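Here is a short set of exercises to work through at the bench or over coffee. Have a go at each task before you read its solution.

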Amino acid sequence: MPKRSILHMFDPMPNNSPFDINMALDTGFDVLMPYSNVKLESIHGLTQDAIFSRSPSGIKRTGIFIGGRDMGLAMDMMNSAKQAMVPPFEVSVLADPSGAFTTAAALVACVEKQLKEKHNKQLKDCKALVFGGTGPVGIATGVIASLAGAETSLVDHMSIDAANDIAKEYNRRCQSTLSGAVAGSDEEKSTLIADADIIFCTAKAGIQVLSSDVLSNAKQLKVAGDVNAVPPSGIAGIGANDACIALTSPEGAFGIGALAIGNVKYKLQHKLLNVSLTSEKPVYLDFRDAFSEAQKIV
Amino acid sequence: MEKPFILHMLTTAKNLSPFDVNMAMDAGWVSAIPYINVEASEVKDLVQDVIFSRSPKGLKKTGIFIGGRDTKQARDMLKTAKNSMFPPFQVSVFADPSGAFTTAAGMVAAVEYELDKKFNTTLEGKNLLALGGTGPVGQAAAVLAAQAGANVRIIGRQLDKAQRIADLCNDEFGEGQINILAGADADKPDYIKTADIVFATGAAGIELLNAEHIASASQLKVAADINAVPPSGIAGLDAFDNGKEIVGSPSGAVALGALAIGNIKYKTQSQLLKQMIESDTPVYLHFEHAFEVARQIVKSTK
């Protein structure tokens, strides 16, 4: 009997995300094993139990997925899993906490594409703001944009300290150059967006972060992307289905909606899962791999 | 590649019931994924993760099952799940906490059938005692019987708890359209004299109705017991009884045992799990839907 493919899904949260489960099964993994409430200290042991229980040919049909809501913890777990491998007893590992890596990669890749096509600019020429920047998708978006050269700020809606702490932490972890910012009121938002070239909106679903009044202050705005699929949209004027809609702004800005980004994210996660299922050699995939694949997809 | 049928199984308990997992797999779901210790506040996020990770076509092969122990919580989670979806990102949801909805449906449908066959009558206007009726099965059965027109009284060891459950049934599940009453166990000898129907849904191993009660039940028609572990909840009743006359009943009442009811429950749950797979539009299933299906099953199998 051919060995069935197994994906071991390690998650520090009380439950795995149904999103990741649907994606993994749709990619073709035969069996999914959810592991919830997993601690960082347990990753080494769990990984070795996964690799030593199948022959080297069998473990080609075995993978590890790391979920959760915390990007830093996911990166630590990925490192711990990597260190637990004993070649040739080695399996592929994909980290995508809350789908944050793939969502962020898709968002930045979509924005990068419109920036080039509509304004003939690159990320490194631009100043970017990430609203909802202290959540998992926001942090990953900021790190990817920053590593691609954009001058990027993570915007928190309550606390400048929270934003600065997170920017500092991820600069240390990922060698990015993020800064922190705060904007709660419409006045603060209006001031902050005045010289932004790019706006990423990764705030909570169903909350409008930037109204059309506020947005009218974005004099430099070129491209805005919103990952919120639940009405109202995070940025006024961008519908969830908009692949690229013109916004009323002096610079001729364009907006990208959640389902357009979601479509890329969906293909991307599928691709990465597929790579970990079919790759001859074990692969270790994080947000960097997610972004380079996303660039190919768009 | 054909997309597999995925059932996301949510429970507030610390484990799923293996009963539900087996039922789901046998009904045709390919993957049954457990989500345990789920809190009501987490349902929305879980549901939105479910619906946004497959295409509308794939979502037709996706479902959500809500288990747990608490009927009200399961009903509320079903509502939350439904309200968290947007066309065309929708999946079917089926709530059956502790199997209580399908068990209750099976019991009430079987009782209704016996009433018709043996006594040529319906639940309408009948006096019904729900003994041990404060648990999940008792609650759902009481509501279904009341909706069918019976005068239902939930009997519990503590009157105030029975009253609280009766209020919950009337307000939450019956949406103010029914009027279930409460009674204390101590007054059972009086209530039984005018009872037409008895449901025994107490804990296993407790006799809720003894031989003396049965002898004084001069208009009793049907007695149903969901307890499969001896001793039965009703004196003289056997788990296999399926319309057999109860020894010592002055009115010729018939008995429905746990295994006879369980058989209908089993088919009902299976059919609802299949309905989720086969339905072209999303369905949201709870005890009322279970009752419709159970009624058809009883008619077609007996």
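The exercises below use a predicted model, and each task comes with a worked solution.

**Exercise 1. The interface**

Task: Describe the interface of chain B and chain A, beginning with its area and ending with its residue classes.

Solution. Start with area, as the size of an interface is often given as the accessible area lost when the parts come together. Between chain B and chain A, about 1800 Å² is buried, and carbon and sulfur atoms give 63% of that. Next, look at who touches whom: 22 residues of chain B are in contact with 19 residues of chain A. Then turn to the polar side of the interface. Seven residue pairs are in polar contact across it. On the chain B side, the elements giving two or more residues are β1 (6-10), β2 (31-35) and α2 (43-51). Finally, sort that side by class: 13 residues are nonpolar, six are polar and three are charged.

**Exercise 2. A salt bridge**

Task: How many salt bridges are there between chain B and chain A? Check the pair A:Asp26 and B:Lys3 against the cut-off.

Solution. The count is two. For the check, the N to O distance between the side chains of A:Asp26 and B:Lys3 is 3.8 Å. The rule asks for a nitrogen within 4 Å of a carboxyl oxygen, so the pair qualifies.

**Exercise 3. Around helix α2 of chain B**

Task: Which residues of α2(B) are buried, and what covers them?

Solution. First list the buried residues: B:Val43, B:Leu46, B:Val47, B:Gln48, B:Val50 and B:Ile51. Now look at their cover. From chain A it includes α1 (18-27). From chain B it includes β1, β2, α3 (56-59), β3 (62-66) and α4 (71-83).

**Exercise 4. Aromatic pairs**

Task: Work out how the rings of B:Phe173 and B:Phe287 are arranged, and what their pairing ties together.

Solution. A pair of aromatic rings is described by the distance of the centres and the angle of the planes. Over all chains the count is nine aromatic pairs. For B:Phe173 and B:Phe287, the centres are 6.0 Å apart and the planes make 75°. Planes over 60 degrees apart count as edge-to-face, so this pair is edge-to-face. B:Phe173 belongs to helix α7 (residues 159-173) and B:Phe287 to helix α11 (residues 287-301) of chain B, so the pair ties together parts 114 residues apart in sequence. Both B:Phe173 and B:Phe287 are buried. Elsewhere, ring pairs join B:Phe52, B:Phe86 and B:Phe89 into a cluster.

Terms used:
Residues are numbered from 1 along each chain as its sequence is written. Chains are lettered from A and ligands numbered from 1 in the order in which they are written. This is a predicted model: local features need pLDDT of at least 70, side-chain atom pairs count only at pLDDT 80 or more; totals for chains, interfaces and linings use all residues. Side-chain values use heavy atoms; hydrogens and water are left out. Contact means heavy atoms within 4.5 Å. Buried area is the accessible area (1.4 Å probe) that two parts lose on being put together, summed over both. A polar contact is a pair of N or O atoms within 3.5 Å; within protein, one must be able to donate a hydrogen and the other to accept it, and residues adjacent in sequence count only if both atoms are side-chain atoms. Helices (H or I, at least four residues) and strands (E, at least two) are DSSP runs, numbered from the N terminus. Ala, Val, Leu, Ile, Met, Phe, Trp, Tyr, Cys and Pro count as nonpolar, Asp, Glu, Lys and Arg as charged, and the others, Gly among them, as polar. Rings of Phe, Tyr and Trp (its six-membered ring) pair if their centres lie within 6.5 Å; planes under 30 degrees apart count as stacked, over 60 as edge-to-face and the rest as tilted. Buried means under 20% relative accessible area, exposed over 50%, partly exposed in between (1.4 Å probe, protein chains only).
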